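Visitor: Please take a close look at one part for me. I would like to see the side of one chain that touches its partner.

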Amino acid sequence: MNKALLSRLPLSSLALASLLAAGAAHADNAFPAGNYKIDPVHSVAYFEVGHAGGISRFMGRFNDMSGDLVVGAPEKSRIKVDVKVDSVDTRNEGLDKHLKSPDFFNAVQFPTLSFVSTAVTLSPMGEGMVAGNLTLHGVTKPVTFKLREVGTGSGPKGDTRVGYVASSTIKRSDFGMSYGIPKATTDEVDLRINIEAVKQ
Amino acid sequence: MPDSSFIFPLLLQSLLIPAAVCGALLLMFNASHRAWPVPVAIAAGLLASYLATYHAQWSFPPHQALDWMPLVLLLALGAIGVERSGRPLLRLPLALLVAAVVAWPALGSAGIAKILLSIASIALLMTACWSALAQAAPRRPTAPRRPTPPLLLAMVAGGAGLALMIDASQLIGQLCGALGIAAGVAGLLPRRRLPGNFGPAAAGVAVLLLGALLAYAHIYASFGLGLVLLLAAAFLADPLMALRRQPAAWLASAVLAALPVMAVVGLAVKAMQDSGGY
């Protein structure tokens, strides 16, 4: 296209063309279909809450995560994630101990936080949603995560890897974790799961 | 300056409510000549505190371990029947039942062997402490009052509550504190103000409830077994003083019992400081 022609095109047409080009580029780098296992070393789950009635945002993480992915057509795609509640890590031993107690997660009675997808939708731009059932504190509720494809490529051993980020906001009281609302921490909890998975 | 929006609910749930409920029931039941009103009033004081503290989380049917607390309270009242029967051997089976209700929700994650061991050791400890305290308590409602049993109970429960609030579970700590308040009101206030005597039945109910709360703390909130044993050791104060073959002075027993309780609180403070506090 020459410059004269480009300058006469409406802005909306240029924007649409850019999007289509980016989508095509993303499609060229499509995530290889297949079964994947979550890499526990390079995957992590975070939570973020308002502390002390919302004075500040406080973040913690779970260090022990496992699960499986099926990557492919939307109707065939699946995500299953299991997180060990005992691996909660706020960089403070005393707070970790308190979070594992019956005041909050009750890690002895409910050792695992898990998510199993029921539906996955992804646009050509690699963004979409994953709906499923989240089990936390022994309570299972439907939750929808925003899903974003991060990238795909070969790992250090030549294995095929894919990366995703899933995020959502839940209310901990929906899962029976009502202690200290709102003075200790807020009811709303932001969850973010960074996933790297290895093709099997 | 501590935040009043945090302190006031704490005082209300763990001090005012159990004290008011326990005291009101003692007056209502006119406990002067009967053994059962005092243990019932103590249990009711703890139940009131439990409902005030835990109502937002409680569910029926029970979902998490602490949801079973009302059943634990009912079972603990079985101590009245055990003492009335005059068969102290029944203390252990009742203690086993209470320990089982506390421990069984952890069966899935802890495994059957560990749970059975926990139930057995908790029950044996509760039975030993119940027997020690019952030995020191006056048998008849109209007998002269001895302040030692309720004082030891209030001290151990209060110290446990403080240690738990500092280092393990604030919720269970609040309930321990409430139990200490109820035991203190039932056993220490002057008889002309509040009738009733802290007898073996009251000792049994209070020890079973305290044992259940410490079992919750140990199994679900990582409260060390060593700390539980130190608190239990405080109940040996009165029998140890009695070995001196003179009437155990309540003050001497209280001072002796205070040593392990203060050690537990001190260890909890140290653990909090070591972790940097939050």
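Guide: Here is that contact side, followed by some backbone details.

This is a predicted model, where local features need pLDDT of at least 70, side-chain atom pairs count only at pLDDT 80 or more, and totals for chains, interfaces and linings use all residues. Residues are numbered from 1 along each chain as its sequence is written, while chains are lettered from A and ligands numbered from 1 in the order in which they are written.

Chain B puts 29 residues in contact with 17 residues of chain A. Contact means that the C-beta atoms of two residues, placed from the backbone, lie within 7 Å. Four elements of chain B give two or more residues each to this side: α1 (4-29), α6 (107-110), α9 (170-188) and α10 (200-221). Helices here are DSSP runs (H or I, at least four residues), numbered from the N terminus, and strands are runs of E of at least two. α10(B) gives the most, with four residues.

By class, this side of chain B has 16 nonpolar, 12 polar and one charged residues. Ala, Val, Leu, Ile, Met, Phe, Trp, Tyr, Cys and Pro count as nonpolar; Asp, Glu, Lys and Arg as charged; the others, Gly among them, as polar.

Now the loop between α10 and α11 (225-233) of chain B, where S222(B) is found. S222(B) is not a glycine, yet has a positive phi of about 60°. S222(B) counts as partly exposed because it has 17 C-beta neighbours inside 10 Å; buried takes 20 or more, exposed 12 or fewer, with C-beta atoms placed from the backbone.

Chain B also has a cis peptide bond between F60(B) and P61(B), with omega about 5°. P61(B) lies in the loop between α2 (37-54) and α3 (69-76) of chain B.
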